[in-house]
Amino acid sequence: MSIPNSTEQAATATKSARDWVKILAQYRDPNPWRSAFELAVTVVPFVLLWGLAWWALSVSYWLTLAISVLIAAFLLRLFTIQHDCGHGSFFANRHVSDWVGRIIGVLTLTPYDVWRRTHSIHHSTHGNLGKRGMGDIHTMTVAEYRAEGRWGRLMYRLYRHPVTLFAIGPGYLFFFQNRLPYGLMNQSRYWISAMGTNLTIVAALAVIWYFGGLMPLLLIFLPATLIAATAGLWLFYVQHQFETTQWESEEEWQLHDAALHGSSHYVLPPVLQWLSANIGIHHVHHLYSRIPFYRLPQVLRDHAELAEGNRMTIRESLANARLHLWDEDSKRLLSFAQARPLYS
């Protein structure tokens, strides 16, 4: 991750996280026409690419798979729009936002009301060492890892391995875990959300099977979903799992500081930034989640201090996959190798 120079640090230090919340409030109002446009330029290509991939089945399976990669890109963007709906930042009318989110949730295999609640918990507790576990990548402290036995350490190492997180994890999360209201099992409204989404997904897949047989499911639906899920999980990972992220004990934790300093600014090429709906500007999003995604670049243009905060390039982000343990003394996320002298 890029380390700000002294001038950038001084500029950022002039305003507290709470100060920034007041400043960012002016960007919160969505434009209904802009939101409708962003939805249209995502849904229309998604549908057209699905039709093109279906046609390509009669030409070449490899061509179909190539088109599925493009479908995955727009599916990822749909998920990010669903994400904005969950925050009430896409349409001012909450009823409209929720139903757009529920419909998209069928495409993304994500029960909207369940996800909205768990993601809200993530926003309200991220960086709080005393409230880990809901909507987060499980992260142990060095002290907790030291206290684990051999079996506990092995299980944690397997969980944090890149193969588990980014090869097995996306399929498990979207195809299996999302089928139940995980973490909210005792509330009927979330069972209704999960089961309603499941039934609609089954109906849609049955229609695809009826008209196209097995190949559209194997060569379009399955790869597009897995690719989008993997990209989405990677984005979520690097947005909070980086060396200088912020975790504090419950007594010292402060919501706005954790949002600003515990979330990254993932600098992506323009096309990837568009396809991910600016979700890489995550430190601003976490600090003020009611800002529509299409207004986040304007925030950075207007406030250079925020543009420089927690910057991370794609190359820099790759190193984060080897960071696994939070050291409460150095306030750093460490690799197992770096932390070994602390727990051996």
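This is a chat about the pockets and helix contacts of a predicted model.

Colleague: Okay, let's start with open space. How much space lies in the largest pocket?

Modeller: In this predicted model, the largest pocket holds about 1200 Å³ of space.

Colleague: And which residues are the closest to its centre?

Modeller: Those are Gly135, Leu173, Gln177, Leu233 and Phe236, out of 42 residues that line the largest pocket.

Colleague: Which helices supply at least two residues of that lining?

Modeller: Helix 4 (61-86), helix 6 (112-125), helix 9 (162-176) and helix 11 (215-240) each do. The largest share comes from helix 11, with eight residues.

Colleague: How do the residues of that pocket lining divide into nonpolar, polar and charged?

Modeller: You get 22 nonpolar, 18 polar and two charged residues in the lining of the largest pocket.

Colleague: Switching to cavities. How many of 30 Å³ or more does a search of the whole structure find?

Modeller: The search turns up one cavity of that size. The volume of the largest cavity is about 60 Å³.

Colleague: What is the largest cavity lined by?

Modeller: Going along the chain, His122, His126, Asp136 and Ile137 are among the lining residues. The list also has Phe236, Tyr237, His240, Gln241 and Trp247. Helix 11 gives the largest share here, three residues.

Colleague: Hang on, which residue have I already heard about for the pocket? Phe236?

Modeller: Right, Phe236 is one of the residues closest to the centre of the largest pocket, and Phe236 also lines the largest cavity.

Colleague: What classes does the cavity lining have?

Modeller: There are four nonpolar, four polar and one charged residues lining the largest cavity.

Colleague: Now helix packing. At what angle do helix 4 and helix 6 cross?

Modeller: Roughly 70°, and their axes come within 10 Å. That makes helix 4 roughly perpendicular to helix 6.

Colleague: Is that crossing left-handed or right-handed?

Modeller: Helix 4 passes helix 6 in a right-handed crossing.

Colleague: Which residues meet there?

Modeller: On the helix 4 side you have Phe79, Gln82, His83, Cys85 and Gly86, and they meet Tyr112, Trp115, Arg116 and His119 of helix 6. By class, this contact divides into four nonpolar, four polar and one charged.

Colleague: What about helix 8 and helix 9, how far apart are their axes?

Modeller: The axes of helix 8 and helix 9 are 4 Å apart, and the packing angle is about 50°. Helix 8 and helix 9 are therefore oblique to each other.

Colleague: Which residues make that contact?

Modeller: Helix 8 brings Leu158, Tyr159 and Arg160, while helix 9 brings Pro162, Thr164 and Leu165. Sorted by class, the contact of helix 8 with helix 9 has four nonpolar residues, one polar and one charged.

Colleague: Last pair: at what angle do helix 8 and helix 18 pack?

Modeller: Helix 8 (residues 150-160) packs with helix 18 (residues 336-343) at about 160°, with the axes 14 Å apart. Helix 8 and helix 18 are therefore roughly antiparallel. Their crossing is right-handed.

Colleague: And which residues make the contact?

Modeller: From helix 8 come Arg153, Tyr156 and Arg157, and from helix 18 come Phe336, Arg340 and Tyr343.

Colleague: How do the residues of this contact divide by class?

Modeller: Three are nonpolar, three are charged, and there are no polar ones in the contact of helix 8 with helix 18.

Terms used
Residues numbered from 1 in each chain as written. Predicted model: local features only at pLDDT ≥ 70, side-chain atom pairs only at ≥ 80, totals over all residues. Heavy atoms only, no water. Axes fitted to C-alpha atoms, helices over the stretch in contact; angles between N-to-C directions. Parallel < 35°, antiparallel > 145°, perpendicular 65-115°, else oblique. Left-handed = near helix turned anticlockwise from the far one by under 90°. Contact = heavy atoms within 4.5 Å. Nonpolar A, V, L, I, M, F, W, Y, C, P; charged D, E, K, R; others polar. 1 Å grid on protein atoms, 1.4 Å probe; cavity = no way out; pocket = protein on both sides within 12 Å on 5 of 7 lines; lining within 4 Å. Points joined across faces, edges and corners; volume = space filled by probe spheres on them.
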